[in-house]
Amino acid sequence: MNLTAITGGIGSGKSVVSRILRILGYPVYDCDSRARTIMDADIEIQRRIADEVCREAISESGIDRRRLASAVFADRLMLERLNSIVHNAVKEDLKLWAASQKRQPFVETAILYESGIDRMVDKVWNVYAPREIRLSRGMTRDNACADAVEARIAAQEAFRPDRIHPRTFTIINDGVHPVIPQILKLIATA
């Protein structure tokens, strides 16, 4: 498939790297947005979220994402349940999407190892930014308080994969190191 993952914690700059790749003409599958689309369209997934994760997050008008996020980022078990409900549908969608691409495809995901997408990709680009920068970016982007962003960071950092993908490369997005040259170098060495 020759699929490359773009990953990193909240506020690291995965979306910045994805936007640059799109500008360069590369297709990028955004796991978060596709998962939202799949969840909104699939009544069975919504039923399972209500039954197994957070009943209050599902109503006749759809999914209350703030309520769902509040529930899962405060409880690791609930986050694992939500992920297990959604992951398989996203991975199937990703396979179909990647197979249809004419140019080198990329997939943006915050939960590369938890989702099992690491087993579907040939390379991993890990986007790194210091914790303080990630916290500030997360608060600004999500209009959230520090505690809410810290809870998301903690939830992401709590998972430790059994192994790291053997072809992992780091992009530093700290406001000091230019990102575009790092991306162009990685593309050139593909």
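Arg34 is partly exposed in this predicted model, since its relative accessible area of 29% falls between the limits of 20% for buried and 50% for exposed. This arginine forms a salt bridge with Asp93, and the closest N and O atoms of the two side chains lie 2.8 Å apart. The pair links distant parts of the chain, because Arg34 belongs to helix H2 (residues 31–41) while Asp93 belongs to helix H5 (residues 76–99), 59 residues apart. Side chains of opposite charge can pair when their charged atoms come close.

Across the model the count comes to 13 salt bridges, and three of them are set out here with their closest N and O atoms.

| Salt bridge | Closest N and O atoms |
|---|---|
| Arg34 and Asp93 | 2.8 Å |
| Arg119 and Asp118 | 3.1 Å |
| Arg163 and Asp118 | 3.4 Å |

Asp118 appears in two of these rows, as a partner of Arg119 and as a partner of Arg163. Is Asp118 buried or exposed? With a relative accessibility of 2%, Asp118 counts as buried, because buried means under 20%. Its partner Arg119, by contrast, is exposed, with a relative accessible area of 62%, and its partner Arg163 is partly exposed at 35%. The bridge between Arg163 and Asp118 also links distant parts of the chain, for Arg163 sits in the loop between helix H8 (146–158) and strand E7 (168–172), whereas Asp118 sits in the loop between helix H6 (112–115) and strand E6 (123–128), 45 residues apart. Elsewhere, salt bridges that share partners join Glu44, Arg47, Asp51 and Arg55 into one network.

The nonpolar side chains are the next topic. In soluble globular proteins, nonpolar side chains tend to be buried together. The largest nonpolar core of this model holds 34 residues, and Ile49, Val53, Leu68 and Val107 are those that touch the most other members. Two or more residues of this core come from each of the helices H2, H3 (43–52), H4 (65–73), H5 and H6, and H5 gives the most, with 9 residues. Leu68 offers a view of how such contacts are made: leaving aside neighbours within four places in sequence, Leu68 is in contact with Met39, Ile49, Val53, Cys54, Ala57, Ile63 and Leu82.

A second, separate core of 14 residues includes Ile20, Leu21, Val179 and Leu186. Ile20 lies in helix H1 and is buried, because its relative accessible area of 16% is under 20%. Which residues does Ile20 touch, not counting residues up to four places away in sequence? They are Val179, Ile180 and Ile183. Although Ile20 and Val179 are 159 residues apart in sequence, their C-alpha atoms are 9.1 Å apart in space.

These contacts of Ile20 belong to the packing of two helices. Two packed helices are described by the angle between their axes and the distance between the axes. Helix H1 (residues 14–23) and helix H9 (residues 179–188) pack at an angle of about 60 degrees, and their axes are 11 Å apart. The crossing of H1 and H9 is right-handed. On the side of H1 the contact is made by Val17, Ile20 and Leu21, and on the side of H9 by Val179, Ile180, Ile183 and Ile187. The residues of this contact divide into 7 nonpolar, no polar and no charged.

Definitions and conventions. Residues are numbered from 1 along each chain as its sequence is written. This is a predicted model: local features need pLDDT of at least 70, side-chain atom pairs count only at pLDDT 80 or more; totals for chains, interfaces and linings use all residues. Side-chain values use heavy atoms; hydrogens and water are left out. Axes are lines fitted to C-alpha atoms, for helices over the stretch in contact, and angles run from 0 to 180 degrees between N-to-C directions. Helices (H or I, at least four residues) and strands (E, at least two) are DSSP runs, numbered from the N terminus. A crossing is left-handed if the near helix is turned anticlockwise from the far one by less than a right angle, and right-handed if clockwise. Contact means heavy atoms within 4.5 Å. Ala, Val, Leu, Ile, Met, Phe, Trp, Tyr, Cys and Pro count as nonpolar, Asp, Glu, Lys and Arg as charged, and the others, Gly among them, as polar. A salt bridge is a side-chain nitrogen of Lys or Arg within 4 Å of a carboxyl oxygen of Asp or Glu. Buried means under 20% relative accessible area, exposed over 50%, partly exposed in between (1.4 Å probe, protein chains only). A nonpolar core is a set of buried Ala, Val, Leu, Ile, Met, Phe, Trp, Tyr and Cys residues joined through side-chain atoms within 4.5 Å.
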